[in-house]
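Visitor: I have a protein structure on my screen and I would like to learn to read it. Where do we begin?

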Amino acid sequence: MEKAILVNLAITRNDREEAEESMAELTGLAVSAGATVVEKVFQTRNSINPRYYIGEGKVEELANLLKKTGANLVIFDANLTPTQQRNLEEALGVKVVDRTQLILDIFAQRARTNEGKLQVELAQLTYLLPRLKGHGQALSRLGGGIGTRGPGEKKLEEDRRRITERITRIKKEIEALQKRRARQREGRRKSPVPTVSLVGYTSAGKSTLFNYLTRETRYTSPHLFATLDPTVRRVTFSDGLYFFLSDTVGFIRKLPVELISAFRATLEEIREADCLLHVIDITSTEALEQAAAVEGILEDLEISDLPVVRIFNKIDLLPEKEKAELLALNQESGSSSIYLSAVTGEGIESLKGRLRRLLFGNYETFKIRIPRTRAELAMSLARQAIIITRTETDEGWEYQIATERSRVVPYLPYLEKGEAR
């Protein structure tokens, strides 16, 4: 395990006030990547040093601290230029990683599906390519930070030309996957079954909520970015109505632009949803700031116009008195937010009730009998309605369905006697 020193530079007093919070998040990232944090270094100065990012005196202090602690890695809470990273490594004699590279390393460790691995590799290579300018050294020196997988280990001998070719190939593969996803989304768009997407800051509890609602056993962890690959599953209500729920990658402040670009195909799932569930960790001291960061990314992705249900998760971790006061205040104010625990299930029924009204407020239930002579109508019914029950008889098929009244028009002659026409 690598021993790391974290470094933060503040330019203004406001930056200095935010530094502690930012460093706490960087600590979580470092631990998630597999490092042990042995020291944190802060500096406040009026401007960024173009050579080292931090001041030269602070570089000397950092070098002494490395000897004292035995640390073999320095992580900067910022994005370094290739020149700054190279100069720091030469001055300190250890590996230097910036915030973007650290996040890329975590993504490389977490990706499981072929699509996820491709997207991460594209982001890594896009990040590494400009760092090859000006020197012909192998990628072994630039090949990632903590526990890197992907191009850091696989492409040590590749030169700039081959890396560029690899980026082109990956983009084509991702484009093909994106087209396949687009076809799947188009199929869902034609269906009357709505889709809901979970969004939220990393470690807010999205995957835990996904598991509770879908009765899945998807991997969860307190570490940041524990799950990356998108998953879509069905959630069924007690009356037979159902919707598709998708879980996507967690967001974080200063999310690397390389990752947003590489994961755009995955994030398209969010844009196509009928509703977003924004999961917020109510136990975090930065809950509102994290929520604002997520909403900012949604705006950047042009996904800010969808209906959003704010979910404050982890109420089971609050003191009973504080929890009772929050729930009472939420009810009195008439807030649309939901307070729940994805672990214990408290508040889940309130969420389901909200979704039932939001997604199916215009739906009605009908009973239909379709004769065998109209088999084509039976085949098309699933594209027009949610089929709750289906029974085959000698004469044909009997259905109980739910849909909007406009969609049932072709089936009016076959509505069961007594149904509104």
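Guide: Begin with a ruler for helices. The expected span of a helix is 1.5 Å times one less than its number of residues. Keep in mind that this model is predicted.

Visitor: How does the span of helix α2 agree with 1.5 Å a residue?

Guide: Helix α2 covers residues 56-69, which is 14 residues. It should span 20 Å, and its end C-alpha atoms are 20 Å apart, so the two agree.

Visitor: Which residues of α2 are buried?

Guide: Start with the general idea. An α-helix has 3.6 residues a turn, so residues three or four places apart point the same way. Now the case here. K58, V59, L62, L65, L66 and T69 are the buried residues of α2. Seen down the helix axis, they fall within an arc of 120°, so they line one face of α2.

Visitor: What is on the other side of α2?

Guide: There, E60, K67 and K68 are exposed.

Visitor: What covers the buried residues of α2?

Guide: The cover includes strands β1 (3-10), β2 (36-44) and β3, along with helix α3 (82-92). Look just past the end of α2 as well. G70 takes a positive phi of about 75° there.

Visitor: Those strands belong to a sheet. What is the order of its strands?

Guide: Read the order across the sheet. This open sheet has 4 strands, in the order β2-β1-β3-β4, and the pairing is parallel. β2 and β4 (95-97) stand at the edges with a single partner strand each, so one side of each has no neighbour in the sheet. From one strand to the next, the twist averages 20°.

Visitor: How many bridges join β1 to β2?

Guide: There are 8 bridges, and the two strands run parallel. To see one pair, find L6: its bridge partner in β2 is K40.

Visitor: Where do the helices lie on this sheet?

Guide: α2 lies across β1, β2 and β3, and it runs at about 165° to β2. α3 also packs on the sheet, where it touches β3 and β4. The direction of α3 makes about 145° with that of β4.

Visitor: Which residues of α3 are buried?

Guide: In α3, the buried residues are Q84, Q85, R86, N87, L88, E89 and L92. They pack against α2, β3, β4, α4 (99-110) and α5 (114-128). After α3 comes G93, with a positive phi near 75°.

Visitor: Let us try a strand. Is β8 mostly covered or uncovered?

Guide: First, the general idea. In a regular strand the side chains alternate between the two faces of the sheet. Now take β8, residues 275-281. This strand is mostly covered, with 7 of its 7 residues buried. C275, L277, V279 and D281 point one way, while L276, H278 and I280 point the other way.

Visitor: Which strands pair with β8?

Guide: Strand β5 (residues 195-200) runs parallel to β8, joined by 5 bridges. Within that pairing, V199 stands opposite H278. Strand β9 (residues 308-313) also pairs with β8 in the parallel sense, over 6 bridges. There, D281 has N313 in β9 as its bridge partner.

Visitor: Where can I find antiparallel pairing?

Guide: Go to β13, residues 396-404. It pairs in the antiparallel sense with β11 (residues 363-371) over 9 bridges. I368 stands opposite Y399 in β13. Strand β12 (residues 386-392) pairs with β13 in the antiparallel sense too, over 6 bridges. I386 stands opposite A402 there. A hairpin of 3 residues joins β12 to β13.

Visitor: Now a loop residue. Is S337 buried or exposed?

Guide: Find S337 in the loop between α12 (320-333) and β10 (338-339). The cut-off for buried is under 20% relative accessible area. S337 has 11% relative accessibility, so it counts as buried. Leaving out residues up to four places away in sequence, S337 touches R310, F312 and N330.

Visitor: What is the mean pLDDT of the protein?

Guide: The mean pLDDT is 83, and 85% of the residues reach 70 or more. Among the elements, strand β3 (residues 73-76) has the highest mean, 96, and helix α6 (residues 151-154) the lowest, 48. Over residues 134-144 the pLDDT is below 50. That stretch has 22 contacts in the model beyond near neighbours in sequence. Residues 152-156 are also below 50, and that stretch has 10 such contacts.

Key
Residues are numbered from 1 along each chain as its sequence is written. This is a predicted model: local features need pLDDT of at least 70, side-chain atom pairs count only at pLDDT 80 or more; totals for chains, interfaces and linings use all residues. Side-chain values use heavy atoms; hydrogens and water are left out. pLDDT is the predictor's confidence in each residue, from 0 to 100. Contact means heavy atoms within 4.5 Å. Buried means under 20% relative accessible area, exposed over 50%, partly exposed in between (1.4 Å probe, protein chains only). The arc is that of the directions from the helix axis to the C-beta atoms. Two strands pair if DSSP finds at least two bridges between them. Axes are lines fitted to C-alpha atoms, for helices over the stretch in contact, and angles run from 0 to 180 degrees between N-to-C directions.
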